[in-house]
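Here's a quick walk through one chain, from a single loop residue out to the whole fold. Take a look at the sequence and the model before reading on.

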Amino acid sequence: MAETKKLAAAVRSGTGKGAARSVRREGRIPAVLYGGGEAPQPLSLDKKSVSQLIFAGHFLTTIFELDIDGKKERAIPRDYQLDVVKDTPIHVDFLRLKPGSRLRVNVPVHFINQEASPGIKRGGALNIVFHTVEMWVPADNIPEAITADMTGMDFNDSLHISAIPLPQGCKPTNP
């Protein structure tokens with residue numbers, strides 16, 4: 001299941017290019033919190049902490065508890081933009097998570113027991129078509145990864161998503 005992390009945010013006034021640039025000049029990153037039946041809320045985040053979170057990995061599958069000037073909101077990042085030259089974050093979009101909601105996320109696939117595969121032992125190669133699988137998952141139960149077992153796989157064998165045990169409540173968008 002995805003971990004929950006805390007992140008401090010501040011409400012920013014104004015939207016658009018000029019307001020976002022002024023936030024960046026202050027050393028912060030502009031963000032938007034949307035969804036959940038409420039109006040979009042412009043935010044600003046600390047540049048250093050957001051950069052560390054993005055480059056540490058699992059950013060887009062981590063649930064955050066945003067502390068917006070004392071008010072707590074559960075959210076998940078839906079997208080972020082990086083500067084094309086400096087490779088630093090310049091904007092983040094968050095989606096509000098309401099209790100009982102479901103969302104679509106890309107979940108990584110991990111392959112295990114490759115040494116127990118007769119096809120790989122005899123010189124075959126593992127051809128991975130999808131490194132991630134897009135799934136509908138409950139907001140409270142986002143899996144870290146799906147594990148595909150390669151035991152007994154021979155030459156020309158295929159492993160489909162329907163043969164992999166999925167966490168409870170998770171369904172692939174393309175079965």
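In which loop is Asp69 found?

## Asp69 and its loop

This is a predicted model, so keep that in mind throughout. Asp69 sits in the loop that links strand E4 (63-68) to strand E5 (71-82). Its phi is near 50 degrees, a positive value in a residue other than glycine.

Is Asp69 buried or exposed? Asp69 counts as exposed because its relative accessibility is 55%, and the cut-off for that label is over 50%.

## A second positive phi

Asn113 isn't a glycine either, yet its phi is positive, at about 60 degrees. You'll find Asn113 in the loop between E7 and helix H3 (118-121). With a relative accessibility of 29%, Asn113 counts as partly exposed.

## Strand E7 and its partners

Just before that loop comes the strand itself, E7, which covers residues 102-112. Which strands does E7 pair with? One partner is strand E8 (residues 132-138), joined in the antiparallel sense over seven bridges. On that side, Pro108 stands opposite Thr132 in E8.

The other pairing to look at is with strand E9 (residues 146-149), and here E7 runs in the parallel sense over four bridges. Ile112 stands opposite Asp149 in E9. When you trace these strands, remember that side chains in a regular strand alternate between the two faces of the sheet.

## Arg25, far across the model

Now jump to helix H1 (residues 17-25), where Arg25 has its place. Arg25 counts as exposed, since its relative accessibility is 67%. Try drawing a line from Arg25 to Ser117: their C-alpha atoms are separated by 55 Å, with the two positions 92 residues apart along the chain.

## The whole chain

Zooming out, the chain has three helices and 10 strands. Going along the sequence, they follow the pattern β-α-β-β-α-β-β-β-β-α-β-β-β. The C-alpha trace spans about 60 × 40 × 25 Å along its principal axes. The radius of gyration is 20 Å, whereas a compact globule of 175 residues would come out near 16 Å.

As for packing, 35% of the 175 residues count as buried. Take the contacts between residues at least 6 apart in sequence, and 64% of them join residues at least 24 apart. The accessible surface is about 10300 Å², with 52% of that belonging to carbon and sulfur atoms. On the charge side, there are 22 positive and 19 negative side chains, and the centres of the two sets lie 6 Å apart.

Definitions and conventions:
Residues numbered from 1 in each chain as written. Predicted model: local features only at pLDDT ≥ 70, side-chain atom pairs only at ≥ 80, totals over all residues. Heavy atoms only, no water. Helix = DSSP H or I, 4+ residues; strand = E, 2+ residues; numbered from the N terminus. Rg over C-alpha atoms; globule rule 2.2 N^0.38 Å. Buried < 20%, exposed > 50% of the residue type's maximum accessible area, 1.4 Å probe, protein only. Contact = heavy atoms within 4.5 Å. Areas by Shrake-Rupley, 256 points an atom, 1.4 Å probe, with all protein chains shown as cover. Lys, Arg positive; Asp, Glu negative; His and termini not counted. Charge placed at Lys NZ, Arg CZ, Asp CG, Glu CD. Pairing = 2+ DSSP bridges.
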